[in-house]
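Let's take a look at where this protein leaves empty space and where it packs its nonpolar side chains. Here are the sequence and the structure.

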Amino acid sequence: MSKGIHQQHGLESINPYVPGKPIEDVKREYGLDDVIKMASNENPLGVSPKALAAMKAALPKLNHYPDGANYEFRSALAEHFSIDMSQVAVGNGADDLILELSMAYLEDGDEVVVSRSSFPMYDIYTAAMRARMIKTPLTSGHGIDLNAMADAITERTKIVYVCNPNNPTGTIVHADAVDAFIRRVPESVIIVLDEAYYEMVDSDSFPNSLAYVRGRRKNVFVLRTFSKVYGLAGIRIGYGFAHPEVISTLFKIKPPFNVNGLAQAAGIAALKDSDFVTQSVDTNKIGRQVLCRELDRLGLSYAESHTNFILIRIGLNASTVQQSLLKRGVIVRPCRGYDLPEFLRVSIGTPDQNERFIMTLGEILAS
Ligand SMILES: Cc1ncc(COP(=O)(O)O)c(C=O)c1O
């Protein structure tokens, strides 16, 4: 028997998360000068100017540890969203809060229910806790099927993840369906409503998830991030709203200084940057309309997007098309890892980026 070091067995099934390829890597690998990244649903307008100024002002204070309890930051979130501070958690990205939830609530052999083709970090942290992922099929329109998810819950289920809008499909589940789902799920199961992209949604029937948390529902966790609409993916800030008991449980295991000093300053300032949010949402909405119109013109089908990316059906040659785009300096996301091998996910960019993507895609498909 080998006496080597053995990883814990939950990790055996884990493949590392593959992020969108960085611009510098593509420049180096393909000898290109001009590369655009439309692969990670980042904000194409840059960083919130108010957050940027606040980070610059916070630089000289970096000799101190940040506030581990995130008092000012959590107060600012509480005020902004009219919720009690005891119901607010922040993390080193929303990813960190998914990890903390997994560590806090999962044990060997527990089950987690999620839709097929959703955000991969749920799978990774579930496996890391030696729990089992139960996946339900998407609807025919690439939406999350909440009835199928509710049917899949057993007494071993501890967490269910509803990604809304769903990454990578861009679809939403509506308020009525979410309400019926929440009523069906036992109180012993944490329902994570992952709303990383909620600011981009302009549907009247999108759920008012915070109402469940404000109403002190014990098992609803609303997860959000500063990575998208505030343009702060690089500094890593996620936040969540839940019952005070859940927030206190996460406090037991969170790394002591998981949200750094610059991030806390950035988050507080970004909340006041409503101009940047409006500009980002408007640019995205127009970009989405333009891209959908152009995809129609190219005869390509796509899932109905309510957010800042579009899932496009390319066909069996999707990875060849993705590689061809890469060689021409356009980075998009292949969806094989999301169990959708015939699709590419493209993040909505600036008008120039959108135009370049469509032109390049058109040329590749025509050749
Ligand atoms: C659905 C979803 N949840 C969570 C995250 C993680 O966000 P963060 O950058 O805050 O870790 C992402 C990032 O792309 C996401 O798409």
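What follows covers the pockets, then the cores, then one buried residue.

This is a predicted model, where local features need pLDDT of at least 70 and side-chain atom pairs count only at pLDDT 80 or more, while totals for chains, interfaces and linings use all residues. Residues are numbered from 1 along each chain as its sequence is written, and side-chain values use heavy atoms, with hydrogens and water left out.

Let's start with the pockets. A pocket here is an open set of points on a 1 Å grid where a 1.4 Å probe fits, with protein on both sides within 12 Å along at least five of seven lines, and its lining residues have an atom within 4 Å of a point. Volume is the space filled by probe spheres set on the points.

| Pocket | Volume | Lining residues |
|---|---|---|
| Largest | about 710 Å³ | 29 residues |
| Second largest | about 460 Å³ | 24 residues |

Which residues lie nearest the centre of the largest pocket? They are P16, V18, P120, G337 and Y338. Helices α5 (121–128) and α12 (318–327) and strand β12 (333–334) each supply at least two residues of this lining. By class, the lining holds 14 nonpolar, eight polar and seven charged residues. Domain 1 (18–46 + 275–366) and domain 2 (49–270) both contribute to the lining, so the largest pocket lies between them.

Now for the second largest pocket: closest to its centre are Y17, S40, D95, F119 and K228. Its lining splits into nine nonpolar, seven polar and eight charged residues. This pocket also lies between domain 1 and domain 2, because both give residues to its lining.

On to the packing. A nonpolar core is a set of buried Ala, Val, Leu, Ile, Met, Phe, Trp, Tyr and Cys residues joined through side-chain atoms within 4.5 Å, and buried means under 20% relative accessible area (1.4 Å probe, protein chains only). The largest core has 84 residues, and F226 and L232 have the most contacts inside it. Helix α10 (residues 261–270) gives the most to this core, with six residues. Apart from it lies another core of 21 residues, including I312, I314, V321 and I348.

Finally, meet T360, which sits in helix α13 (residues 351–366). Is T360 buried or exposed? T360 is buried, with a relative accessible area of 7%. Leaving aside neighbours within four places in sequence, T360 is in contact (heavy atoms within 4.5 Å) with L325, R328 and V330.

Terms used:
Helices (H or I, at least four residues) and strands (E, at least two) are DSSP runs, numbered from the N terminus. Ala, Val, Leu, Ile, Met, Phe, Trp, Tyr, Cys and Pro count as nonpolar, Asp, Glu, Lys and Arg as charged, and the others, Gly among them, as polar. Domain bounds come from an automatic or database domain assignment. Buried means under 20% relative accessible area, exposed over 50%, partly exposed in between (1.4 Å probe, protein chains only).
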